[in-house]
Amino acid sequence: MKLVSGIILSLFTVMVYTQDASSQIPQRKTITLEKGMKQVTGQVLDASTGEPLVGVQILAYDKSKYAAMTNEEGKYTIIVPDFVTSLTARADGFGLIICPIDTKNKQANVKLYTDEFSPMYDFKIKATKEKTASINSMNADLSVDQQVQINLGADVRSIVRSGQQGIGAMFLMNGLNSLVSNAQPLVVIDGVIMDMQYNRASIHDGFYNNLLANINVSDIENVTVLKNGTALYGAKGANGVMLINTKRNKSMATKIDVDITGSFENVPNLPDMMDATDYRYYASELLGTTGTKLTEFKFLKSDPNYFYYKQYHNNTDWKKQVYRDAFSQSYGINVQGGDDVASYNLSVGYANANSTLNNFNMTRFNLRLNSDINLSRNLDVRFDASYSDVNRDLRDDGVAENVAKSTVTSVGLLSLIKSPFLSPYQYDVYGNQSSFLSDADDYLNEVIGSEASLANPSSMLYYGEGLNKNNFGNRMINLAITPIYKLNQNLTLREHFNFTLINTNSNYYTPLRGMPSLIIEDVTTVENVAKSMSSHANTFSSDTRLDWTKSYNSHNVHFTGGLRVYNTLYAMNMLQGYNTGNDKTPNINTSLSYKSTTGVDDKSLSMTYYALGDYNFSGKYFLSGGLSMEASSRFGSDVDAGLKMFGVSWGLFPSIQGSWVATNEEWFKSNSLVNFLKVNVGYDISGNDDLDCTASRTYFGAVRLLNAVDGLVISNIGNTKLKWETTKRFTFGTDMNLLENRMNMSINLFKSQTDNLLSLKSMDYVGGIGRMWSNDGTLANMGYDVSVKVRLLNLKNMKMEVGASLGHYENELTRLPNNATSSISEMYGATILSKVGSPIGLFYGYQTNGVYSTTKDARDDGKYIVLKNGAKKYFKAGDINYVSNNDQEINESDRAVIGNPNPDFYGNLFANLSLKNLKLSAVFNYSLGNDIFNYQRMVLEGGSNFYNQTTALNNRWTTEGQITDIPVITYQDPMGNSRFSDRWIEDGSYLRLKTVTLSYTWPIHNTYIQGLTVWGSANNLWMLTKYLGSDPETSISNDVLLQGIDRGLLPQSRNFALGLKINI
Amino acid sequence: MNKKLLLYFSVGILSLTSLTGCQGLFNLDSEQVLFVEDNPLDAPTDTVYSVIGVLNKLQRIADRTVLLGEIRGDLVSLTPDASLQLQALADFTAGTDNEYNAPEDYYAVINNCNYFIANVDTSLKKRNSPVFMKEYAAIKTFRAWTYLQLAQIYGSVPFITEPILTEKQASVNYEKKDIKAIAAYFVEDLKPYINTPFPSYGSIGGSSSQSFFIPVRLLLGDLCLWAGRYIDAATYYHDYLTMLNRPMPTQLSRTQWTNSTNTFEGYPSNNFGNIFSATGTEVLSYIPMESTRFNGLVSDLVNVFNSTTLNKNFYQATFSNALKELSKSQSNCKVYENTLTSTRDTLFAPSENNINNLFVGDLRLAAVYNHATVSNNSFNTYSTSYQTISKFGAQVYTYRRSVIYLRYAEAMNRAGFPKAAFAVLKYGLTVGNIGKYVDSTEIRAAGNLLAWDNNAFTSLNTLGIHSKGSGEANANKHYVIQPQATKADSIDFVEDLICDEMALESAFEGYRFYDLMRITMHRNDLYNTSDNDYLASKVAGRKGATQFNQDLYDDLKIQTNWYLPLK
């Protein structure tokens, strides 16, 4: 910490000393004031001890040429122009404070708090509203997402996707601003818009390529979220903007930081499955419902001398075969330094992270150089380069979307559903267990056929291991060069050119050994599958910008204008084939059967002219106005909005923001209650350009006839009117520092409407296409976020700060395309409703009213379903009693809204305690009122097939008169007892102790070591939730319609990290 | 790439000041798709891609061509396992959301054809022969055939001959044309190509690609028949069947009681059930379907009509009582020759049979239909009732020989040649039979229409269509044109026989509903259909004489109810 302060001070000193002599205001002499000047005096005290602080820098706000320093008594005198309304006080080891000048007494007394507290003031006050989180590097995170969740809990709703290493989080800002397009905020890294490859396919089910995991967290300086004023980002800013800045050199002296981190993660909390005895009962009962005429089954024979007895009489906890406690480690070195010509920040890192699910490991190497070069008096050049290489061992994770019709390949799921009476290892003819892994099970073959066979997860892991079998590699190269030319004192021209290359390749393989046949739906069964995918994405961007700054006494003007050209390419090729013949040749080759290839070639180009003006008067009134104008290859050629110019359509995105610092008003009397009060209001129109790259154009696609010849057919009829989605957002907010700056409160309200929602609309049949992309429909969002922090204890050696944040949004679909009133989609076993007048993405299913206990109950109720051919089938005792709206037939019209995945509130709570060199911090995060569809539980408690079930099924209905809420088990569930209903909807609210960190900094200062910090942290230590699944925080997709579905991805689990930071 | 960016950048900067257009800049290319402006159809290599593309689009409407024509007719009954979608078709209650009601699939064929027709460079020549002419003709034929399907299904449909390439063009309210206007347009449109050969692509995926194309004359015959241009229709059919280089006699494949005994015991011979093969000579053209779903669209007809593993033996449609009764009511005649006495006798089959209740009357239904009760294996999800109708294969047939003869007969009859038409059913057209059984006034008036080459059409390869299933029709004294008061009545009488023959010959093949529609139209002074009893009573009587569906009858008396609703 001291080091950072040192850097700030030294920077500051440089600034002050480079000012011309006239700014060196004598501090003690009484001088004759020039016209329009005033003399302000005051005293600066240490807030904890009340002692005066010497050497505190006092500056006129935004006019740093008027400066002074406090003397031994902490007093200062500064002469500033009359229009100056506030002063900035800063000192080494203390947080910056902006203090209004008491007009009457021409006084400004300040109490400073040490920088052990989190900052309350920024150096500049803005008309816009944003929030910046500094990234604490005392963590073992592989991606910055977790830090965003910890530090910006209510500003960004973040849902960590799973417990897989570096898998990242789904982010949502300002509600849900799109229905089918991307709703994730724009990520801008070091000023460059990133194509985050949201919604790009992966060949491993349940995996998501999180590009943020390519950046070492300790390379990140801070993350800022913009709550308004996003016009600069034109048609890309509607979902909010997240700016990530990496570290640059701040020190003239060479500084070397070494980071060593190790972490240990426990096996996650997993569902409680039946043991062998219970499962055997379950399976034999279910057999009775298959209609089998067989009377004897190998696995049900209880004679210990029976040949197959041992094979079917184990009690295997399959979870132990695939989950484990995992150890991870990471190393990093960061070198900063340079001189007045060139300075640099170079970092190198390596991480090897093991996952609690076997063979889901990740390694990363990363290298980053950020340099600042001063070529001449007026020309500076920034040159940044980075490289990262992420490699993963991967398998499918989670319950597949169409689990009933596919072969289970997720080892995590297999470890839950695999019959516990089987063994991972084979038995020999003498009944001894061997060391050979068992093949896929076949105990149901004689009844159901091989389609019921499940793989041996241990065998899948073992034989599926290999670089050419299951792996994922991702390399990211980034080069940026930014010449900045100072044309004159006020005018700067800069060009930021950036090139990013992201290459991905992955292999997928299901081994022959230990796996049953794979089903290709409606086609055939095959032995195994091999897939190979490679993609490359490159982005060129150029941002040419002119900056002009000028101050006229109390008027301060800053103007930025420029042109941004942004060109992206994403190309992907995937090859796939079946039946490799053996496990030694997993590569794609011509001898495979059912070979296929798929590809993507998405190119896009956008061009944005932008202009942004900032104005502030006297540090009291701030105004910011921006306008950008964007044309894109994704837009249609005949858009009926925006501007038609140069033969193309341009979207116009204006924004205006104003803020008022009430505490700087002359009439505002200094008091100890309100130290700072800013009110801001703003209005933005921004866009979302996440359109299919070719949807606005008519094209032919290739088809194949008789697997022999290729043909061309019209595959799309372009909607030449296709345009961006438009979000109009009104924001209102306030920032307050109260009680002698001991309390900070920030409130932000927003209300927005998104028009021209992208949707698939049916084209008139004469087009012969069916559906096309079009802009129709609107949705609205309103909400707020509040954060409060309080400096609770401010003793000399002990400081304590607590805080909380709370976010809330309400989303409403106000209009659907074609004037429809609702739209329904079926995904991952769920029926998802988007209905006009309601939030999007509601769970829409059947309501249940328990289980019929007796035949009489069922008969009296007389409910039935109608089969495909029109015949009625009645519910019986043991079946679910579904709620019906008006008749006895249970059909789709009986469905109702049974859940809402949107939370009522979310955010976090934190506490920081520092005791001299010891620091303790704890962060809780929470989400309240969100519903989860527990898809995994639907599979684990469906009672319709031979998957092992949770122990809840021991309470299933078996006998007449039994009162239970678990229905009878029936093979293939003809009555739909396990259909999508409120049985599977749960309250997903939780409060989690996300992280606790304890660190100790040794006060060492010698020639070799400048500092030494040891830290330890524990994550996910404790959670309060009623949710029955493993982890209520899970996200299977960035699609807003797929929120709140738990498909049983690897849960986050408790982990402990220990780290050492050495400053050399 | 760098150069490109530099270009973008400089153009961007330039456009700030010079206001030059940058539309082209935003038209990026793609490796995955071919933008319409990049497909000018002006190179020889473009020929095949478009045709294959159209064939691919035809696959999507193939099954529907059969299902919509058959399920709504009188020859098929649905089983209790039929889907609600099929039930709605059979009941004439299918709405715009019925899965079989998707006009966009037909317009997909039409739009692809229209694009080719509008853009292809027909003047392009290679070695002095036009490069695109064969494809041009083939695609024009596909387009006309698809419009004919549309008109049959929907009555009157938007008529578009220019490609739709923008959403705006798709939302235009196009003028609608009915079947007569469509026929009139395409007869003129196709006429110039009657002698244009099919594209020669050889074998594709193991099938002869020649069969993928629709013979222009046959389609012209159909169009004229629908338009009431009977002479023209008969001429096109005749010319197609009698082409010198490729005459098409009926051939002798039939199912009959053996002539060597004087009883009707045992099993009839069956050479009829095996002619439904894409590789045989009976099938003239078909829509090629994929052999596995992995490669694309596979015909699902077999899963509707037959027991398969995919439907777990639960077939959804079977023959109707009406068809069974019609078959049974035919008199099956056998000419028995006693080898000892050298005497010949005509014997008539009894109306009952102990081996198979379908072995009565006409035998064609029994020849293609097979039913068995199979044992259920250990799991009970399969039906024990197992049905096979041997008319369905991997491909979906569009034309076959005997059907052409029947349409020729239909045209001849309506053109005023009932005796000639009847000869098609009873004797088979050879020079000898024509001279013997068709009266001289008809022969004279018919002129070339009754010209059947003496060498190509002989008793060795020609058979009356009725003889294919009803024994020796030529010797059957009951199978005659009953004396009628007027010639018009004779024509109606023969038309009834033709209509029945169509049922016996081509049940399940997807022609039935349209045959009934056409004959009803013929009888009603074509399109002023005042009396739709013909179609309505047949369809309403599909469950047999005793289960007449009066509601359906009333419904079908109104012609607009014959058609599926357009969206």
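Me: Does A:Phe646 count as buried or exposed?
Reply: In this predicted model, A:Phe646 comes out at 10% relative accessibility. Buried means under 20% relative accessible area, exposed over 50%, partly exposed in between (1.4 Å probe, protein chains only). At 10%, then, A:Phe646 counts as buried.

Me: And what is phi of A:Phe646 near?
Reply: A:Phe646 sits in the loop between strand S30 (643–645) and strand S31 (648–661) of chain A; helices (H or I, at least four residues) and strands (E, at least two) are DSSP runs, numbered from the N terminus. Residues are numbered from 1 along each chain, with chains lettered from A and ligands numbered from 1 in written order. Local features need pLDDT of at least 70, side-chain pairs 80 or more, while totals for chains, interfaces and linings use all residues; side-chain values use heavy atoms, without hydrogens or water. Although A:Phe646 isn't a glycine, its phi is positive, near 55°.

Me: Which strand holds A:Asn1020?
Reply: A:Asn1020 is a residue other than glycine with a positive phi, near 55°. A:Asn1020 is also buried, since its relative accessible area is just 11%. This asparagine isn't in a loop but in chain A's strand S54 (residues 1011–1025).

Me: How many residues of strand S5 of chain A are buried?
Reply: S5(A) covers residues 86–90. A:Ser86, A:Thr88 and A:Arg90 point one way and are buried. A:Leu87 and A:Ala89 point the other way, and they are buried too. So much for an exposed face: the buried count in S5(A) is 5 of 5.

Me: In which sense do strand S2 of chain A and S5(A) pair?
Reply: Two strands pair if DSSP finds at least two bridges between them. S2 (residues 57–60) and S5(A) share 4 bridges, with A:Leu59 partnered by A:Thr88. Their sense is antiparallel.

Me: Which residue in the turn of the hairpin formed by S5(A) and S6(A) has a positive phi?
Reply: S5(A) and strand S6 (residues 97–100) of chain A run antiparallel, joined by 4 bridges. Along that pairing, A:Leu87 stands opposite A:Cys99. The hairpin leaves 6 residues between the two strands, and the one in the turn with a positive phi, about 85°, is A:Gly93.

Me: What is the strand order in the open sheet of 3 strands in chain A?
Reply: The edges are strand S4 (75–81) and strand S7 (110–112), each pairing on one side only. S1 (residues 37–46) pairs with S7(A) in the parallel sense over 3 bridges, and A:Asp46 has A:Leu112 as its bridge partner. Pairing in this open sheet is mixed, and the order is S4-S1-S7.

Me: Over in chain B, which residues does B:Arg64 contact, leaving aside neighbours within four places in sequence?
Reply: B:Arg64 belongs to helix H3 (residues 46–70) of chain B. This arginine counts as buried, because its relative accessibility is 7%. Taking contact as heavy atoms within 4.5 Å, the list for B:Arg64 is B:Gly69, B:Tyr100, B:Ala102, B:Asp105 and B:Tyr106.

Me: What positive phi does B:Phe508 take, just after H18(B)?
Reply: H18(B) has 14 of its 20 residues buried, so this helix is largely enclosed by the rest of the structure. B:Phe508 comes just after H18(B), and its positive phi is about 75°.
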